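Please open the model in your viewer and keep the sequence panel beside it, so that stretches can be selected by residue number. The tour below goes from one selection to the next and says what is to be found at each stop.

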Amino acid sequence: MLLHSPDPSVDCRLADSRRWWQAWTAPELRLVITCDALEVFQFQRAWWSSSRPQIISHQRHALPGNAHDILPPDALWSTLSDVLAPLVDQRWHVVVVLSNQYARWLVLPWQAEIRSQADLAAYYRHGLQQAFASDGQDWQIQAQPGGYGQPTLLNALPVALMQQLQTVLATHRLLPGIITPAWTLAANLALQVMRQQGLPAEGWIVCRETGSLTVACLLQGYWQHIRQVPVDSQWQQTLHQLLLREQAIHPARADLPVFLPQTPASSVRQQSVPLFVEVAALARQGSH
């Protein structure tokens with residue numbers, strides 16, 4: 001289960017949509033896919049900058065998945081088809097959020113000798129193969145370069161998953177505007193908080209799911225590191241220990257704030273959506 005309160009147009013930026021007209025004018029249909037559930041949110045579009053999108057409905061459909069699987073359970077596809085059947089040909093901006101367990105994240109260092117796009121693509125594939133060789137998947141890779149001399153943030157999703165998802169959506173004539181791993185939502189929200197509060201672009205950005213944390217370090221506007229760790233009910237202790245280890249290795253990261261969602265998606269209210277919030281650095285709290 002993804003523990004995140006959705007915030008349409010902020011956690012999934014409209015500018016990132018492949019269907020820009022629907023993104024700006026249509027209500028949002030958000031499909032959140034994790035190993036144990038398909039969550040379906042419908043949001044009414046907010047027409048004024050001072051207003052916020054309102055939840056029209058929220059459904060949760062249990063799935064018999066496993067937290068270690070690299071692909072969703074087969075039951076997802078029949079459940080998704082049943083959910084989409086009443087919506088055929090309706091006008092929605094479709095946002096698909098995939099559990100971080102189906103994504104692979106990697107920060108790769110700058111390589112000055114790489115000059116062609118072909119060599120760059122090969123460098124990305126090699127990095128993923130070195131880091132995740134045991135997964136045995138073909139990956140659809142997206143890169144976020146950090147600028148000249150800076151690291152590149154990669155995310156990769158299984159090609160098989162993307163193809164099946166596109167097929168089911170196309171069958172119901174609902175083309176997706178955004179398909180993204182869950183951590184991207186946490187990152188977008190954290191960056192929004194930084195901009196609104198005039199904070200420097202740096203911090204630990206955490207996306208929490210029932211069985212895992214995805215934690216990334218942003219320093220002086222550039223991604224330094226990202227990793228996924230398994231957790232249980234003692235997730236806060238795991239996060240404390242992770243950050244303390246990182247800070248011991250990299251002292252410059254010792255005073256960075258930690259950003260993480262304040263409420264789970266399943267408890268979201270009909271009338272409003274709580275904002276993502278900045279919290280005090282958990283590692284500093286845990287060290288006292």
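Begin by selecting residues 159–171, which make up helix H4 in this predicted model; the helix lies across strands E6 and E7, and its course runs at about 65 degrees to E7.

**The sheet beneath H4**

Keep H4 in view and add the strands E5, E7 and E6, which in that order form an open sheet of 3 strands with antiparallel pairing. The edges of this sheet are E5 (104–108) and E6 (139–145), each of which pairs on one side only. From one strand to the next, the twist averages 20 degrees. Now select residues 117–132, helix H3, which packs on this sheet and touches E5, E6 and E7, with a direction that makes about 120 degrees with that of E5.

For a closer look at the pairing, select E6 together with E7 (residues 152–158), since these two antiparallel strands are joined by 7 bridges. Which residue of E7 is the bridge partner of alanine 143? Colour leucine 154 and alanine 143 alike, and you will have marked that pair.

**From H4 to H2**

Return to H4 and add helix H2, residues 75–84, which packs with H4 at an angle of about 30 degrees while the two axes are 10 Å apart. Angles under 35 degrees count as roughly parallel, and H2 and H4 are therefore described as roughly parallel to each other. The crossing in which H2 passes H4 is right-handed.

Show the side chains where the two helices meet: on the H2 side these are Trp77, Leu80, Ser81 and Leu84, and on the H4 side Leu161, Gln164, Leu165, Val168 and Leu169. Of the residues in this contact, 7 are nonpolar and 2 are polar, while none is charged.

Stay on H2 and pick out threonine 79, which has its place in this helix. Is threonine 79 buried or exposed? The cut-off for buried is under 20% relative accessible area, and threonine 79 is buried because its value is 17%. Leaving aside residues up to four places away in sequence, threonine 79 touches Leu38, His61 and Leu63.

**The five-stranded sheet**

Next, select the strands E3, E2, E1, E4 and E8, which in this order make an open sheet of 5 strands with mixed pairing. Here the edge strands are E3 and E8, each pairing on one side only. Neighbouring strands of this sheet are turned against each other by 15 degrees on average, if direction is ignored. Helix H2, which you have just left, packs on this sheet and touches E1, E2 and E3, and its direction makes about 25 degrees with that of E2.

Walk across the sheet from E3 (residues 54–62), which runs antiparallel to E2 and is joined to it by 8 bridges. One of the pairs to mark here is valine 40 with its bridge partner in E3, glutamine 59. E2 itself (residues 37–44) is mostly covered, with 7 of its 8 residues buried.

On the way to E1 (residues 28–33), the pairing with E2 is again antiparallel, over 6 bridges, and the two strands form a hairpin with 3 residues between them. To find this pairing in the viewer, select isoleucine 33 and leucine 38, which are bridge partners.

How many bridges join E1 to E4? There are 6, and these two strands run parallel. Glutamate 28 stands opposite histidine 93 in E4, and leucine 29 stands opposite valine 94 in E4.

**E4 and the far edge**

Select E4 alone (residues 93–98), a strand that is mostly covered, as 6 of its 6 residues are buried. His93, Val95 and Val97 point one way from E4, whereas Val94, Val96 and Leu98 point the other way, and all are buried.

E4 pairs in the parallel sense with E8 (residues 176–181), over 5 bridges, and in E8 the bridge partner of valine 97 is threonine 180. For the last stop, add helix H5, residues 182–197, which lies across E1, E4 and E8 and runs at about 95 degrees to E8.

Key: Residues are numbered from 1 along each chain as its sequence is written. This is a predicted model: local features need pLDDT of at least 70, side-chain atom pairs count only at pLDDT 80 or more; totals for chains, interfaces and linings use all residues. Side-chain values use heavy atoms; hydrogens and water are left out. Buried means under 20% relative accessible area, exposed over 50%, partly exposed in between (1.4 Å probe, protein chains only). Helices (H or I, at least four residues) and strands (E, at least two) are DSSP runs, numbered from the N terminus. Two strands pair if DSSP finds at least two bridges between them. Axes are lines fitted to C-alpha atoms, for helices over the stretch in contact, and angles run from 0 to 180 degrees between N-to-C directions. Contact means heavy atoms within 4.5 Å. Angles under 35 degrees count as roughly parallel, over 145 as roughly antiparallel, 65 to 115 as roughly perpendicular and the rest as oblique. A crossing is left-handed if the near helix is turned anticlockwise from the far one by less than a right angle, and right-handed if clockwise. Ala, Val, Leu, Ile, Met, Phe, Trp, Tyr, Cys and Pro count as nonpolar, Asp, Glu, Lys and Arg as charged, and the others, Gly among them, as polar.
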